[in-house]
Amino acid sequence: MLDKISVVLVGTSHPGNIGSAARAMKVMGLTNLVLVDPACEIDEKSYALAAGAADIVENAKIVPTLDEAIADCGLVVGSSARSRTLEWPQLDPRECGIKSIAEASSHNVAILFGRERTGLTNEELQKCHCHVYIPANPDYSSLNLAMAVQTVSYEIRMAYLEQQKYDGESKVEEYPRAKELEMFYEHLEKVTTQTQFINKKHPGMVMAKLRRLFTRARPEQQELNILRGILSSVEKSLESRDK
C-alpha cells in the first residue's frame with residue numbers, strides 16, 4: 001500500500017528541502033517522490049540532506065504540471081496552512097493517514113505540498129479531494145516543508161501498521177482518477193456555458209463551487225459516467241435545436 005502513495009512537492013525552491021523531504025519519507029517507508037515544476041535543481045545539497053535516502057532523490061519523478069503528477073490518482077490530498085474563502089473537505093494528519101491507507105488498496109494516492117513561502121494556490125487546492133491541515137501552535141505555527149512531510153508521513157505509517165493487524169481488507173469503491181475528473185469539469189463548464197447558465201464573460205465562482213459540490217459528493221466511477229452521459233445528451237439536444 002505504501003508503494004501506491006506519492007509525496008508531491010509543487011514548485012520547491014530550495015534543493016535542500018527536496019533532500020530533507022526524501023529523508024522524512026524514507027524513515028516512514030514512503031518511496032515515491034514527485035516534483036512538479038521545481039524552481040531549483042537537484043544538487044549536492046539535496047543529496048547531503050537526504051542522508052540515507054539518496055535513492056529517493058535519484059528516482060524522483062519530475063513533471064511540468066500538477067495535472068500530470070496526479071492524473072492516475074484516485075485520491076488527492078493537498079496540504080493547506082491557512083483557511084480559504086471557499087471551504088473544502090478537511091482532514092487532520094491522523095485522518096489523512098487513515099484515509100490514504102484505506103484507499104491505497106484500490107488506487108494511487110497523492111499527498112501534495114506547496115511552495116515554501118506561499119504553499120499551494122487556490123486553483124491547485126481545488127484539484128484535491130480534501131485538504132490536510134496540521135493543527136500547530138497558533139502562537140508559533142512555523143513548519144518547514146520537511147517537517148510537514150514528516151508529520152503526514154508518520155500518520156500514514158501509523159495507519160499502515162494498524163491496518164496490518166487485520167487479515168482482511170475492507171472493500172473500497174472504485175473512484176475516478178484525477179484526469180477523468182478534470183475531463184468531467186471541462187465538459188461541465190462547456191455545457192453550462194453553451195446553455196448560458198455560465199456567462200463566459202463573467203463566470204464568477206460558479207465552477208469553483210461546482211467543483212466543491214462534486215468533491216464533497218465524491219461520485220464513484222459509474223456515477224461519473226452517468227453524469228458525463230447526461231452532459232452528452234444535453235449537447236445532442238442543443239445540436240438538434242440549432243439545426
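# A guided tour: cavity, domains, helices and pocket

In this predicted model, one cavity of 30 Å³ or more is present. Its volume is about 120 Å³.

**The cavity.** Select Lys127, His129, Leu181, Tyr185 and Thr215 to begin. Of the 14 residues that line the largest cavity, these five lie nearest its centre. Helix 8 and helix 9 are the elements that each give two or more residues to this lining. Helix 8 supplies the largest share, namely four residues. Classified by type, the lining comprises seven nonpolar, three polar and four charged residues.

**The two domains.** Next, colour residues 2–167 and 178–242 separately; these ranges are domain 1 and domain 2. Where does the largest cavity lie with respect to domain 1 and domain 2? Both domains give residues to its lining, so the cavity lies between them. With the two ranges still coloured, place a marker on the C-alpha centre of each domain: the centres of domain 1 and domain 2 are 29 Å apart. A contact selection between the domains gives 18 residues of domain 1 and twelve residues of domain 2.

**Helix 8 and His187.** Within domain 2 (178–242), go to helix 8, which covers residues 178–194. Select His187, which is located in helix 8. Is His187 buried or exposed? His187 has a relative accessible area of 10%, and because the limit for a buried residue is under 20%, His187 counts as buried. Display its surroundings next: leaving aside residues up to four places away in sequence, His187 touches Arg228, Leu231, Ser232 and Glu235.

**Two loops with positive phi.** Continue along the chain to Gln196, in the loop that joins helix 8 to helix 9 (206–217). Gln196 is not a glycine, yet its phi is positive, near 70 degrees. The relative accessible area of Gln196 is 69%, and the residue is exposed. Then select Arg218, which lies in the loop between helix 9 and helix 10 (221–242). Arg218 is likewise a residue other than glycine with a positive phi, here about 45 degrees. Whereas Gln196 is exposed, Arg218 is buried, with a relative accessible area of 13%.

**Helix 5.** Return to domain 1 (2–167) and select residues 93–104, the twelve residues of helix 5. How does the distance between the end C-alpha atoms of helix 5 agree with the span expected at 1.5 Å a residue? The expected span is 16 Å and the end C-alpha atoms are 16 Å apart, so the two values agree. Within helix 5, highlight Pro93, Cys96, Gly97, Ser100, Ile101, Glu103 and Ala104, which are buried. An α-helix has 3.6 residues a turn, so residues three or four places apart point the same way. To see what covers the buried residues of helix 5, display the surrounding elements, among them strand 1 (5–10), strand 4 (73–79), strand 6 (108–113) and helix 7 (145–163). Strand 5 (90–91) and strand 7 (130–132) also belong to this cover.

**The largest pocket.** Finally, select Ser79, Ser80, Ala81, Leu143 and Ala148. These residues lie nearest the centre of the largest pocket, whose lining contains 24 residues. The pocket holds about 530 Å³ of space. Which element gives the most to its lining? Helix 7 does, with three residues. By class, the pocket lining divides into eleven nonpolar, eight polar and five charged residues.

Methods. Residues are numbered from 1 along each chain as its sequence is written. This is a predicted model: local features need pLDDT of at least 70, side-chain atom pairs count only at pLDDT 80 or more; totals for chains, interfaces and linings use all residues. Side-chain values use heavy atoms; hydrogens and water are left out. Buried means under 20% relative accessible area, exposed over 50%, partly exposed in between (1.4 Å probe, protein chains only). On a 1 Å grid over the protein atoms alone, a cavity is a set of points where a 1.4 Å probe fits but cannot get out, and a pocket is an open set with protein on both sides within 12 Å along at least five of seven lines; lining residues have an atom within 4 Å of a point. Grid points are joined across faces, edges and corners, and a volume is the space filled by probe spheres set on the points. Ala, Val, Leu, Ile, Met, Phe, Trp, Tyr, Cys and Pro count as nonpolar, Asp, Glu, Lys and Arg as charged, and the others, Gly among them, as polar. Domain bounds come from an automatic or database domain assignment. Contact means heavy atoms within 4.5 Å. The expected span of a helix is 1.5 Å times one less than its number of residues.
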